[in-house]
Amino acid sequence: EALRLNQRIWTIFQGELASPEHGLPVEVRQNLLQISLFIDRRTFELMADPIPEKLTALIDINRQIASGLSTNPS
């Protein structure tokens, strides 16, 4: 269930990041889209063969993104 929710969130990010009207610089959007592709692949791997150690990458990425979003710009 957690994997599906995470995938749903990243799918929303993908849709937003793919929009030409999105305000982020193109390079940042492309990098985030690359990360989202990794998230998709790893999620499907885990759904097919749930190996707890493979969750670490997803957890780390989500924490890093959340940390960056919660930081106040200077």
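**Figure 1. Arg-42 is a buried residue of this predicted model.** The relative accessible area of Arg-42 is 17%. Buried means under 20%, so Arg-42 falls in that class. Arg-42 has a salt-bridge partner, Glu-45. Their side chains meet with 3.5 Å from N to O. Glu-45 and Arg-42 both lie in helix 2, 3 residues apart. That spacing means that about one helical turn separates them. Glu-45 is partly exposed, at 35% relative accessible area.

**Figure 2. Glu-45 also meets Lys-54 in a salt bridge.** Here the N to O distance is 3.1 Å. Lys-54 is partly exposed, with a relative accessible area of 29%. Shared partners join Arg-42, Glu-45 and Lys-54 into one network of salt bridges. How many salt bridges does the count come to? The count is 2.

**Figure 3. The chain is built from helices, with 3 helices and 0 strands.** From the N terminus on, the order of elements is α-α-α. Helix 1 covers residues 2-18, helix 2 covers residues 26-48, and helix 3 covers residues 55-70. The C-alpha trace spans about 40 × 25 × 20 Å along its principal axes. The chain has 74 residues, and 20% of them are buried. Now take the contacts with a separation of 6 or more. Of these, 45% link residues 24 or more positions apart.

**Figure 4. Helix 1 and helix 2 run roughly antiparallel to each other.** Their axes cross at roughly 155 degrees. Angles over 145 degrees count as roughly antiparallel, which is why this pair gets that label. The axes come within 10 Å. Helix 1 passes helix 2 in a left-handed crossing. From helix 1, the contact includes Leu-3, Arg-4, Trp-10, Gln-14 and Leu-17. From helix 2, the contact includes Arg-29, Leu-33, Ser-36, Leu-37 and Asp-40. By class, this contact of helix 1 with helix 2 has 12 nonpolar, 5 polar and 3 charged residues.

**Figure 5. Gln-7 sits in helix 1.** Is Gln-7 buried or exposed? Gln-7 counts as buried, at 15% relative accessibility. What does Gln-7 touch, leaving out residues up to four places away in sequence? The list is Asp-40, Thr-43, Phe-44 and Met-47. Asp-40, Thr-43, Phe-44 and Met-47 are also among the helix 2 residues in the contact with helix 1.

**Figure 6. Helix 1 and helix 3 are oblique to each other.** These helices pack at an angle of about 45 degrees. Their axes are 13 Å apart. Helix 1 passes helix 3 in a left-handed crossing. Helix 1 brings Leu-3, Asn-6 and Trp-10 to this meeting. Helix 3 brings Leu-55, Leu-58, Ile-61, Asn-62 and Ile-65. The residues of this contact divide into 6 nonpolar, 2 polar and no charged. Leu-3, Asn-6 and Trp-10 also belong to the contact of helix 1 with helix 2.

**Figure 7. Helix 2 passes helix 3 in a left-handed crossing.** The two axes cross at roughly 145 degrees and come within 10 Å. On the helix 2 side, the contact is made by Leu-32, Ile-35, Phe-38, Ile-39, Arg-42, Thr-43 and Leu-46. On the helix 3 side, Leu-55, Ala-57, Leu-58, Ile-61 and Ile-65 take part. These residues divide into 10 nonpolar, 1 polar and 1 charged. Arg-42 is charged, and Arg-42 appears here on the helix 2 side. Arg-42 also forms the salt bridge with Glu-45.

**Figure 8. Val-28 lies in helix 2.** Is Val-28 buried or partly exposed? Val-28 is partly exposed, with a relative accessible area of 35%. Leu-17 is 11 residues away from Val-28 along the chain. How far apart are the C-alpha atoms of Val-28 and Leu-17? The separation is 9.2 Å. Leu-17 is one of the helix 1 residues that make the contact with helix 2.

Technical notes:
Residues are numbered from 1 along each chain as its sequence is written. This is a predicted model: local features need pLDDT of at least 70, side-chain atom pairs count only at pLDDT 80 or more; totals for chains, interfaces and linings use all residues. Side-chain values use heavy atoms; hydrogens and water are left out. Helices (H or I, at least four residues) and strands (E, at least two) are DSSP runs, numbered from the N terminus. Buried means under 20% relative accessible area, exposed over 50%, partly exposed in between (1.4 Å probe, protein chains only). Axes are lines fitted to C-alpha atoms, for helices over the stretch in contact, and angles run from 0 to 180 degrees between N-to-C directions. Angles under 35 degrees count as roughly parallel, over 145 as roughly antiparallel, 65 to 115 as roughly perpendicular and the rest as oblique. A crossing is left-handed if the near helix is turned anticlockwise from the far one by less than a right angle, and right-handed if clockwise. Contact means heavy atoms within 4.5 Å. A salt bridge is a side-chain nitrogen of Lys or Arg within 4 Å of a carboxyl oxygen of Asp or Glu.
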